[in-house]
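Please look over the sequence and the structure shown here. The report that follows considers a helix contact and the aromatic rings around it.

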Amino acid sequence: MNRERSRVVEIFTDGACKGNPGVGGWGALLKYQGHEREIFGGEEHTTNNRMELLAAIRALEALKYRCKVQLHTDSQYLQKGISEWLEAWKARSWRTSNKKPVKNEDLWKLLDQLSQQHEIEWCWVRGHSGHIDNERADQLANRGVEMMIPTDIKNSQGS
C-alpha cells in the first residue's frame, strides 16, 4: 500500500489577488517520492478565481508523464467546478444553469484538457487553517503577486 501511495504526485495549489480584480499570483507545490518542486507566477490584472485555476493548470503542465495525482486546493470554486459543474457546463455549451456564459471559460477548457491526461483526485482543504503544504502554496502565490508589483511602487510603500 505504501509503495502504491508513493507513486502518487501530491500537488498543493493556491491563488492570490490584491484587489479583485487586481494584481494576482498563483503558486503550486508538487511532491513526489520525497522530492519537491515549487512553481509560481503572476499577472498584472486578474481575479482570484483565475489565479486559482492557473495554479492548477501550471502544476499539471509541469508533469512530464501521465500520473496519479492528488491535487489539493482551498478553492471551492476550483474543486466544485472541476468535480461537479464542468460536465453540465459543457453539455450546455459553456453556459451556467441560468444560461449565462461560464466565467473563465478559457481556463476551464484548458484545465479540462489537462485533467484528461492524468488520474486526478481533487481534494479541498480549508485555507489558512495551518495545513503546512497549503500554507506553502499560499506563500508561493503571494510571491507571484510580489513579482508583478513594480519595484518603484514597492519602494514607495515601504517609505
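How many aromatic pairs does a search of the whole structure find? The search finds 3 aromatic pairs, where rings of Phe, Tyr and Trp (its six-membered ring) pair if their centres lie within 6.5 Å, with planes under 30 degrees apart counted as stacked, over 60 as edge-to-face and the rest as tilted. This is a predicted model, in which local features need pLDDT of at least 70 and side-chain atom pairs count only at pLDDT 80 or more, while totals for chains, interfaces and linings use all residues. Residues are numbered from 1 along each chain as its sequence is written, and side-chain values use heavy atoms, with hydrogens and water left out.

Two of the pairs can be set out as follows.

| Pair | Centre to centre | Angle between planes | Geometry |
|---|---|---|---|
| Tyr77 and Trp108 | 5.4 Å | 65° | edge-to-face |
| Trp85 and Trp89 | 5.9 Å | 50° | tilted |

Ring pairs link Tyr77, Trp85, Trp89 and Trp108 into a cluster. Within this cluster, Tyr77 is buried at a relative accessible area of 17% and Trp108 is buried at 0%, as is Trp89 at 8%, whereas Trp85, at 32%, counts as partly exposed (buried means under 20% relative accessible area, exposed over 50%, partly exposed in between, with a 1.4 Å probe and protein chains only).

The axes of helix α3 (residues 76-91) and helix α4 (residues 105-115), lines fitted to C-alpha atoms over the stretch in contact, come within 11 Å and cross at roughly 95°; the two helices are therefore roughly perpendicular to each other, a term for angles of 65 to 115 degrees. Helices here are DSSP runs (H or I, at least four residues) numbered from the N terminus. The contact (heavy atoms within 4.5 Å) includes Tyr77 and Trp89 of α3 and Trp108 of α4.

Methods. Axes are lines fitted to C-alpha atoms, for helices over the stretch in contact, and angles run from 0 to 180 degrees between N-to-C directions. Angles under 35 degrees count as roughly parallel, over 145 as roughly antiparallel, 65 to 115 as roughly perpendicular and the rest as oblique.
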